[in-house]
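Work through the exercises below with the sequence and the model in view. Each task is followed by its solution in steps.

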Amino acid sequence: MDYLGSIQVLTACKDAAGIAGNIFAFGLFLSPVPTFRRIIRNGSTEQFSWLPYIYALLNCLITAWYGLPMISTDNLLVTTVNSVGGVFQLVYIAIFIVHAEKNQKLRMLGLLLSVFVVFAAIAVGSLLMSNFEVRHLTVGFLSCAALVSMFASPLFIINLVIRTKSVEFMPFHLSLCTFLMSTSFLLYGLFNFDPFVYVPNGIGTVLATIQLFLFWYYTKPSTRDSTEPLIISYSGSNA
């Protein structure tokens, strides 16, 4: 009876962490909205890069596939959050394509097609693997690698903040949402005993913690006068 009770508590904790992670992820998915409002208003993509959204789409597709029952055990909340994320990325990419110059449209469409081809190859290839454990490990390593590289991308921003002693290009809400989402899925992976979930999200939690610390350090009263105009300027440029 105690064993069954422990399993039920563990399952409840896992589900709670997964649901929380799905909720916090919306903060990340919605963070580019000011940028795309500006693109739509000006009718131009200006100097904004579309590559992060192409890469994020591939990451969402692979990780959503990993969460399905034929690939891993009891990871549907991983699939839901990445499915929603994939839809957001597709919408952002579509806006880019509509407002991009003709030569850029062709490059974007070509790369978007490549993303779907790569994902299809991964999906079909994994389904051809008759052994569940081999299928799980193969897609798991691909998903983990994609997540780690995505969470490692803020390293450039962290380095920039340290060099410039300014948090201008590191919005607080983005760092906070990353921390909350990563921590939630770190716990989710631990409760589900899934290293392909808790390892990359553990890395994401550490990096997001560093970002929050830097935000606190460089916006202390002693430095606030020099950083507040930069933050206001950044917010205004994306409105």
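**Exercise 1. Describe what follows helix α8.**

Step 1. After α8 comes Phe193, with a positive phi near 55°. Helices here are DSSP runs of H or I with at least four residues, strands are E runs of at least two, and both are numbered from the N terminus.

Step 2. Before going on, note that this is a predicted model, in which local features need pLDDT of at least 70, side-chain atom pairs count only at pLDDT 80 or more, and totals for chains, interfaces and linings use all residues. Residues are numbered from 1 along each chain as its sequence is written, and side-chain values use heavy atoms, with hydrogens and water left out.

Step 3. Place Phe193: this residue, which is not a glycine despite its positive phi, sits in the loop between α8 and α9.

Step 4. Classify Phe193 by its surface. Its relative accessibility is 63%, so it counts as exposed. The classes are buried (under 20% relative accessible area), exposed (over 50%) and partly exposed in between, with a 1.4 Å probe and protein chains only.

**Exercise 2. Check the lengths of the helices on either side of that loop.**

Step 1. The expected span of a helix is 1.5 Å times one less than its number of residues.

Step 2. Helix α8 covers residues 172-191, which is 20 residues, so a span of 28 Å is expected; the end C-alpha atoms are 29 Å apart, in agreement.

Step 3. Helix α9 covers residues 195-218, or 24 residues, so 34 Å is expected, and the distance between its end C-alpha atoms is 34 Å, which agrees.

Step 4. Look at the start of α9. Asp194 caps this N-terminal end, with a side-chain oxygen 3.0 Å from the backbone nitrogen of Phe196. For comparison with the cut-off, a polar contact is a pair of N or O atoms within 3.5 Å; within protein, one must be able to donate a hydrogen and the other to accept it, and residues adjacent in sequence count only if both atoms are side-chain atoms.

**Exercise 3. Which residues of α8 are buried?**

Step 1. The buried residues in α8 are Ser175, Cys177, Thr178, Met181, Ser182, Ser184, Phe185, Leu186, Tyr188 and Gly189.

Step 2. Take two of them. Ser184 has 7% relative accessibility and therefore counts as buried; Cys177, at 17%, counts as buried as well.

Step 3. Relate Ser184 to a distant part of the sequence. Ile23 is 161 residues away along the chain, yet the two C-alpha atoms are 9.8 Å apart in space.

Step 4. Set this against the whole chain. Of its 239 residues, 43% are buried, and the chain holds 10 helices and zero strands.

**Exercise 4. How many salt bridges does the structure have, and which of them form a network?**

Step 1. A salt bridge is a side-chain nitrogen of Lys or Arg within 4 Å of a carboxyl oxygen of Asp or Glu. A search of the whole structure gives three.

Step 2. One joins Glu46 and Arg38, with the closest N and O atoms 2.6 Å apart. Glu46 is partly exposed, at 31% relative accessible area.

Step 3. Lys14 pairs with Asp15 at 3.1 Å between the closest N and O atoms, and with Asp74 at 3.0 Å, N to O. Lys14 belongs to helix α1 (residues 2-30) and Asp74 to the loop between α3 (51-66) and α4 (76-99), so this pair ties together parts 60 residues apart in sequence.

Step 4. Lys14, Asp15 and Asp74 thus make up a salt-bridge network.

Step 5. Compare their surfaces: Lys14 is buried at 3%, Asp15 is partly exposed at 29%, and Asp74 is partly exposed at 43%.

Step 6. Add the backbone of Asp74: its phi is positive, about 55°, although it is not a glycine.

**Exercise 5. How many disulfides does a search find?**

Step 1. A disulfide is a pair of cysteine sulfur atoms within 2.5 Å.

Step 2. The search of the whole structure finds zero.

Step 3. As for cysteine surroundings, Cys13 is partly exposed, at 31% relative accessibility.
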